Structure formats: structure tokens, C-alpha cells
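Me: I'm new to this one and would like a close look at a single part of it. Could you pick one strand and walk me through its surroundings?

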Amino acid sequence: MSQYFSKITGWGMYVPENVLTNHDLEKMMDTNDEWIVSRTGIRERRIISEGETTVSMSVEASRRALEKAGLNAEDLDLIILASSTPDYLVPPASSIIQDQLGAQCAAMTLVAGCSGFVYGLNTAAQFIQTGAYEHVLIIGAETISAGIDWEDRGTAILFGDGAGAVIISRTTQPGGLLSMKMGSDGAGWDALIVPALGTKNYPSHENIENNEHKLKMKGRPVFKFATRVMSDVAVDVVTAAGLTMDDVDVLIPHQANQRIIDLALRRLNFPAEKTIVNLDRYGNTSAASVPLAMVEALEDGRIKDNDKVVMIAFGAGLTYAAAVWQFQPMEVSPEDEAILVTNWPVDNAFQRKLQEMRTAAFRMKVQARTKASEASMAIMLPLYSFRKGLKKRGKNGKNDDPEALEDKQSD
Ligand code: COA
């Protein structure tokens, strides 16, 4: 059997045009650019305008990813949307995205806070590597601005909106996901919370008056958790791939806070030049943060063929997720092609064909058996009921059918 690898074949992003700078925030609340930049590194963020939603941004980013991959929406086998700010609690926004893209595939929404995209990517890679699926679209998209309490300067300065999308495809080209780590420190579940948007606490008049339907955060504990996770998980995931940080070409950290990133880089002794940072322009876009950074790095050539890239994210839950990903070349040279062909023996292709025929025959057999049993039921059931009725009436003419007796008693 061939070994399958996952390969990033398409990517796209969408951020709203509307820019909200630190200076704009100065006019809205008691804060200032100097404080925000020195404590977070953020200078501006994008905020949705009328008509823009998590779904609309996801669809735009996904269309760009499909175009890059040279695929149609019908080619997708699965869509995973990572988001904590979907258009609705029900239905899953992933199904609306599927509909708007015109895809005919499985779709699910994954909620793992800011770690959601990396959780989604790691999940998608499993479907690809087992051979179950050929193309999976993973989106990280958020409209955090809708859930921000614009009177809470502790959170309002941090977040932004946007969407990043990636397509991973099945290949025999070695690379893709080399190692991963995912986890959750549930003891910190209330460190980042929207208290009144779930079934425990629906948004009542009272809750809304108290802004309980908006995001609350305990900044200090989250900061502490994030710095610990960033370095610990980076070491775990890199060693699991049989590498050291020296072998890593690019680091894509979750874009939460420049100070968290700097601390992790120091602990890991990893150069800032190899680290992708765009939080100064977008702020913390939660599940969209890693894909937005990845897409920009791919677009401007900072991620090159065969680069080993580490992604690390953390967020509400408190969750964390990391991956080491080797980017296979998009273009396969004739020499590579020859190697791939030898790696994929003819008998394997034959086996796969045989397997397909076997499963098709099995499906047809099951369908035929189902139809036959349905037909025999349609003929036999009236006969059987008639015979049973005769038997139950008995020789002395008494009807001892419990249902008939019940009918009699109720008369
Ligand atoms: N503008 C100006 N002053 C502010 C302010 C703002 N936006 N927010 C807080 N302050 C003030 C506080 O009132 C406090 O003043 P005081 O000393 O007079 O009481 C002072 O600044 C320090 O506040 P503190 O909350 O202790 O700041 P901090 O250094 O912990 O930084 C965060 C706050 C939110 C930037 C920081 O805790 C953080 O980044 N945490 C992680 C958050 C995160 O990444 N969340 C997303 C995870 S996915």
C-alpha cells in the first residue's frame, strides 16, 4: 500500500478593508497608542463592515485557496471551519460555506478557540494520510469585533477580524505533517469566556445589560499560560519530528501579543527573522491568526520549497495545538516524478482498482439484498398478518390478540 502525505496545495485570505488604528481607539476609550504598542505590539486591526460575516470572509478566502490549488469546490471531500464566532450557533457555519462555495462534501465547525485552525489542520491531515480523502479545505475565520465589549479596554485593543484558508491534498510526495501536538488545560476554562451566549446562560435582558454576551478575559493568567505553552509545546513537537529548533526554517506563532512571542523566542533561542509576525497590522484574529500569517508568508516567499515550518497556537479552553509541516514543492520536476512513479508500484494502482471494484460490487450486493427484502416484506406481510389473525382467534372463535383485547376493553 502506498504511503500518503498531506500537501498544502492552495491558500487564500480575506481581511475587511475597514482599519481600526490605536489612534481610533484612543477616541473610543481611555487608552493610548504607546500603551498598546508597548504591551502588545498591535498598531491596527481590521473590523468588518456591514454585510461582512465569518461566512462571507471564509467564502472569499476559500475561493482564493481553490483558485490557487486549481481545484473546483466539487473536488473537496471535507470542509473544516475553525471559528468561535460563527454566524449562528445553529446551524454550523461550515454548512453555509459549503453551500455558498457549491461543494458537495462533508462539513464541520470546530471550536477550539485560537488553536482552532491548527487543530483543524492536524485533523484534516489524518483524513488525507489514511487515504480516506483527497482534498480538504481548512478555514480559520473570526468576527471577534461582534463579541467585543467596546468599553473594556483590556480586551477591545487586542482583537481583529479576518479569515485564512488552506487546502491540503493527498500526495505521495514525502513531507507535509511531520509531527503534531494538541492539548487542553481545561482548568483554565473561564479565563476567556463569553458567559451568556450558550445554553447555560442565554442572553436575557439582564445579561445583555451587564454585557455578559461579550468576551471576558483574565489577561494575566492567559499571558502566563501562553508563554509556557509556546516554548514547551514547540520543543515537544519539534523533537517528535526528530528535529531541533536549528532545523526549523520558519516559525508561525499565534499572533496574540508580541511580548508572548518575544519571550518564547528567547526561551527557544530562535531568531526573530525566521518568525512570521503580522499582529501589528491585524491584532489577534483568533483562529484566523495562524492561517493569515501562513498565507502572507507563502505569498511573499518567506516560506520556500521544502521548508520545515512550526505552527503553534493557544487560546480559550485553554487549548493549544502545534504542528511541524514540511512544504513540498508545488511544481514536481520530471526527476521527482520518476521517483514518485517508482514509489507507486503498478501493482498498487491495480490493487486500488481491484479494491474499488470490490467495494462497488459489495455496495451493489447490499443494495440488491435490501431491495429484495423490501419486496418480499411487501408481499409476505399481509399474508403473515392474515394467518396470525386466524391463529389468534383460536378454535373456539375467541380473539386473544392483546391489541384486539385492548381495543375491546376501551370500547
Ligand atoms: N490602555 C491603557 N491602560 C491600560 C489598558 C489599555 N488598553 N489596559 C489596561 N491598562 C492599565 C490597567 O488598568 C493597569 O493600570 P493600573 O496599574 O493603574 O491598575 C495597567 O494598565 C496594567 O494592566 P494589566 O492588565 O496588568 O496589564 P498587562 O501588562 O497584564 O497587559 C494584556 C494586559 C491584556 C495586554 C496582557 O495581560 C495580555 O496580553 N494577556 C494575554 C492576552 C491574550 O493573549 N489573550 C488572547 C489569548 S488567545
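Reply: Let's get the vocabulary sorted: helices (H or I, at least four residues) and strands (E, at least two) are DSSP runs, numbered from the N terminus. Keep in mind that this is a predicted model, where local features need pLDDT of at least 70 and side-chain atom pairs count only at pLDDT 80 or more, while totals for chains, interfaces and linings use all residues. Residues are numbered from 1 along each chain as its sequence is written.

Now the overall picture. The protein chain comes to 14 helices and 13 strands. Of its 411 residues, 42% count as buried, and buried has a set meaning here: 20 or more other C-beta atoms lie within 10 Å of the residue's own, against 12 or fewer for exposed, with partly exposed in between, and C-beta atoms are placed from the backbone.

The part to zoom in on is strand S7, residues 162-171. Because 9 of its 10 residues are buried, S7 is largely enclosed by the rest of the structure. What does S7 pair with? Strands count as paired if DSSP finds at least two bridges between them. Strand S1 (residues 5-14) pairs with S7 in the antiparallel sense over 9 bridges; phenylalanine 5, for instance, stands opposite threonine 171 in S7. Strand S6 (residues 135-142) also runs antiparallel to S7, joined to it by 8 bridges. In that pairing, leucine 137 has isoleucine 167 of S7 as its bridge partner. As background, side chains in a regular strand alternate between the two faces of the sheet.

Threonine 171 leads us on to a loop. Glutamine 328 sits in the loop between strand S13 (319-326) and helix H12 (334-343). Setting aside neighbours within four places in sequence, glutamine 328 is in contact with Lys7, Thr171, Gln173, Gly175 and Gly176, where contact asks for C-beta atoms, placed from the backbone, within 7 Å. With 19 other C-beta atoms within 10 Å, glutamine 328 is partly exposed. Its C-alpha atom is 7.8 Å from that of isoleucine 8, although the two are 320 residues apart along the chain. Across the protein chain, residues 24 or more positions apart account for 77% of the contacts with a separation of 6 or more.

One last stop is helix H5 (residues 116-129). H5 is mostly covered, with 11 of its 14 residues buried, including Phe117, Leu121 and Ile128. Just after H5, glycine 131 takes a positive phi of about 90 degrees.

Technical notes. Two residues are in contact if their C-beta atoms, placed from the backbone, lie within 7 Å. The expected span of a helix is 1.5 Å times one less than its number of residues.
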